[in-house]
Amino acid sequence: MPKNTPNENHIELLQGTLDMLILRTLQWGPQHGHGVGQAIRQSSADLLLIERGSLYPALHRLESRGLIESEWKASDLNRRAKYYRLTEAGREQLVAEQSKWKLLVKTITRVMRPA
Amino acid sequence: MRWDFWRRKGRNTDLDDEIAHDLALEAEERIRSGVAPQEAEQASRRDFGNVGLLKEGIRETWGWTSIERFGRDLQYGWRSLRKSPLFATMAVLSLALGIGANATIFSVINAIFLRPLPGVERPSELFSLNGKMGSRGSAVPLVSYPDYRDFRDRNSVLTGLAGMGFVPASVGPKGNCQRMWGVTVTGNYFQLLGIKPLAGRLLQPEDDRVRGGHPVMVLTYTGWQKRFGGDPNIIGAKVQVNGREFTVLGITAKGFFGTELLMTPDVYFSMAMQKELQAGEDLQERRSARNFFAVGRLKPGISMAQAESALNGIGQNLAKEYPQEDGGIEIKLTPPGLVGAYLRNPLIGFVAVMFGVSCLVLLVACVNLASMLLARAGDKRKETAIRLALGAGRGVLIRQLLTENLMVALAGGAGGALLTIWITSALAAWHPPVDVPLTVSVPVDMRVFLFALVVSAVTALLFGLLPALQATKTDLVPALKNEAGIGRFRYWHLRDYMVAAQVSMSVLLLFCAVLVVKSLQRSLSAPIGFETPGLATVSFDLNMQGYDEPRGREFERRVLDKVRQLPGVESATLVDNIPLSSGVTWNAVYIEGKPVPKRASDVPNAYAFTASPDYFHTMRTRLISGREFDARDKQGAQRVAIVNSAFGARLLDGANPLGRRFSTNTTKEPMEIVGVVETGKYYNLNEQNQAAFWTPLDTWYKSKAALVARTRVIPPESVVPSIRRVVREIDPSIALFATGSVEDQLTFTFFAARTAAITLGAFGILALVLSATGIYGVMAYAVSRRTREIGIRMAIGATQAHVLASVARSAGILIGTGLVLGLGLALGAGRLLERILYGVTPTDPVTFAIVFAIMLGVGAAATFIPARRATRIDPMQALRQE
């Protein structure tokens, strides 16, 4: 199968940040897999493109860790769709990751600051 | 997790739906932006990436795929085995034989060494007390009653010590008595062992108070079933025992059969009745009469070694107090069950050798399996290469091959377990013709099954790993092109090493088997001091019929007279014990004129027999000098004895025994030696030059005797019915036992050698068959791989003889290497076998030659078929094939 050549404008996702992005997206309410992918793309102004090969395993991994839970519901187009929702544990995890992330950004910015 | 597992199917469809939903939304978006519907769907699919891979990755996060994977591997293995039924059958069969042989020996070990005594409370605390008297050198589980009493009363390390003695008795309702094996036990016996009654009550200390005053008995469950048909009214009933009335007190719980594994009594009597049950011979006050077994229970927290040293302390005091009887006594404690140390120690050695041999057989079977797996891996080379090329991991392939091996091994293990059950039940049905209540019971329990399971799993992994590693190390390109890899021709493949190893192990086993069989033949034909062919015998015990001495003498005289006149009988005699039969005893010997040794253990002894006139003539024992017993040796006549030549050499320092005098007891008048006969075997076949003496039966009345007749008829036992008729004419109530040919009666003597020969022979043949299939398999495979090469050779002018020679040469190298290696191993193993060999040296050149010839023959036969196939290869077809 031909490998997707990443768009020049696309940003490579930093290792370990996908989980945080998913949790953050689900903070606004339940969403199905496709919707999560679209939401990340839209809020990053099309710069972050999440591949399904990473997105779905990440969703299932988060679910098995109890950070999110799922439910089958009818979607907008009256289709059966699997909706993911943040659990209490997921909310706590998001807070923890966010502060870790802020610290990381601050630290890296300081290091990379022009002298 | 379990719940998840059962919901696996549901989760899989959910995943499918989730992905389908995503794809549908994606496609809709594209349609909305103006792409044609069909193209939109294709594009979104392309964009999505590999759906299968994604699903696999997600399933991985679910965490329970290993079970699923194992199930798939099993399915794969099953399909793959079904595709090659010949391989599967051969592999399962050879493993079943190997594991079966191993598990059978293990079940014997389990039955006699590992399993606790059944029906007994806390069996690990029990022990059997063995006494060792210096000069005999070996520990036997026999003590005298006074010694037993002293050990019991003086120690502080035991909960208790019970005494017992085996006695045959004539038991039954009046007028219908049969010989049963009984045990006289001290009153504490059942309490000490913790035995519960099935009905009634068991013997108690109160039943062992007054000598001769407790005519009571307890039946074992089997005795009750066998003799009394399980009669529920037996409790309290009066039963005849040796002509006296005894009351049945109770029945022991089912499953209890005493403390000896091989000797299972039917009835228990009180020790107080010992004198009455043994023909008025009171053995309870004679310190020199070592006739009793002692079984004891250790106090909690006391080890067997501690108890042994404590009891030896008592033994040293006894040796000081009674130097005549107990000087030099030594105590050894052993777990009970195998006649103390007497059977236990030799059995450990014997079983260890057999277990080693059966492991070797299993090894041969495993190597066979491994070489079959290698050949199979060769056949599946293309398949393996395709799977590797498609991206299957090597680990996955190895895992699948191992799963397949595990299936084969488990099937083989199950087959082996079935084989074990079959062999052991055949063993249990076998009743050796001996005069003791011998039972061979080898139950196959969970431990044996577990053993078979572990062995099969280990063999699967151990012997499957190497072939699996080899199989997945394929060079992809030539394999895919179906090339046989002519470019890199190697003389020695892993397979070849395995065949050589297999041949060498088979040679080793075969060598041991032939050696032991030859030794058995030798010992069967070795001079034993009498000629068994043509001898018939019956035994009787007149005490059990309530005969006193005068009546008994009269009976013995009349029977002998009448039997001597029977047609077909050349001569007849009476003897208390036939040499090499189970009852042979020995006696202390005090030579007149020699100082009496201070310690009992320094007194020399000799096998003692009592026989009628004509004994040596009937047995065909050569008289060297002096005379045979005759009419002169009557009751009250001058005391005489006949000795063997070893007696003169060992006890008289080589002087002429004729005219010398000796006694068996310092207080008795000595007997004069009137004859010297050749030395034979008396107790077992391995003994060398043992002293023995005979005293006349008419001087020393014996109530239990064997009548031996030299017959002119074939088979000799055909005169037994006429002897029976003669006995019935004199007294119809006499029960005869141990009837038949003397050769049959001596079966037990040859038991160990015979068992060893049969087992080793079976193992040897097994190994031979296995390695024959191994050689055949490897050669057939080699020929099929070389089809193209041979085709080319023949096309450029090689003759059939050339091809044959080429195949035979490669087989010859394998077999030859194995042979040389195996014969080298055999030289080493022969030394280990030396102890059980009789009359054969472990370096016997004839044995080497026989094994060499057999192995060569089998090897040639196994090579012949593939070799002939090679010569029939049609060059045109062979070349066109690829």
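What share of the contacts in chain A with a separation of 6 or more comes from residues 24 or more positions apart? In this predicted model, the figure is 50%. Chain A has 115 residues, and 24% of them are buried. Its secondary structure amounts to four helices and three strands. Read from the N terminus, the order is α-β-α-α-β-β-α, with a helix at the start of the list and another at its end.

Next comes the place where the two chains touch. Here 16 residues of chain A are in contact with 17 residues of chain B. On the chain B side, two elements each give two or more residues: α2, spanning 8-32, and α4, spanning 51-62. Of these, α2(B) supplies the largest share, with eight residues. As for chemistry, that side of chain B is a mix: six of the residues are nonpolar, another six are polar, and five are charged.

Further along chain B sits strand β1, made up of residues 126-133. This strand is mostly covered, with seven of its eight residues counted as buried. It has pairing partners in β10 and β11, taken here in turn. With β10(B), residues 290-298, β1(B) pairs in the antiparallel sense, and three bridges join the two. With β11(B), residues 329-334, the pairing of β1(B) is again antiparallel, this time over six bridges. Ser128(B) is a handy residue for following both pairings on screen: opposite it in β10(B) stands Val295(B), while its bridge partner in β11(B) is Thr334(B).

That leaves the nonpolar cores. The largest one has 102 residues. Which residues have the most contacts inside it? They are Val361(B), Leu509(B), Leu510(B), Cys512(B) and Ala767(B), every one of them in chain B. Cys512(B) gives a feel for how this part of the chain comes together. Setting aside neighbours within four places in sequence, Cys512(B) is in contact with Val357(B) and Leu760(B), and also with Ala829(B) and Leu833(B). Apart from this largest core lies another, of 59 residues. Among its members are Leu651(B), Tyr682(B), Val719(B) and Val742(B).

Conventions: Residues are numbered from 1 along each chain as its sequence is written. Chains are lettered from A and ligands numbered from 1 in the order in which they are written. This is a predicted model: local features need pLDDT of at least 70, side-chain atom pairs count only at pLDDT 80 or more; totals for chains, interfaces and linings use all residues. A residue is buried if 20 or more other C-beta atoms lie within 10 Å of its own, exposed if 12 or fewer, and partly exposed in between; C-beta atoms are placed from the backbone. Two residues are in contact if their C-beta atoms, placed from the backbone, lie within 7 Å. Ala, Val, Leu, Ile, Met, Phe, Trp, Tyr, Cys and Pro count as nonpolar, Asp, Glu, Lys and Arg as charged, and the others, Gly among them, as polar. Two strands pair if DSSP finds at least two bridges between them. A nonpolar core is a set of buried Ala, Val, Leu, Ile, Met, Phe, Trp, Tyr and Cys residues joined through C-beta atoms within 7 Å.
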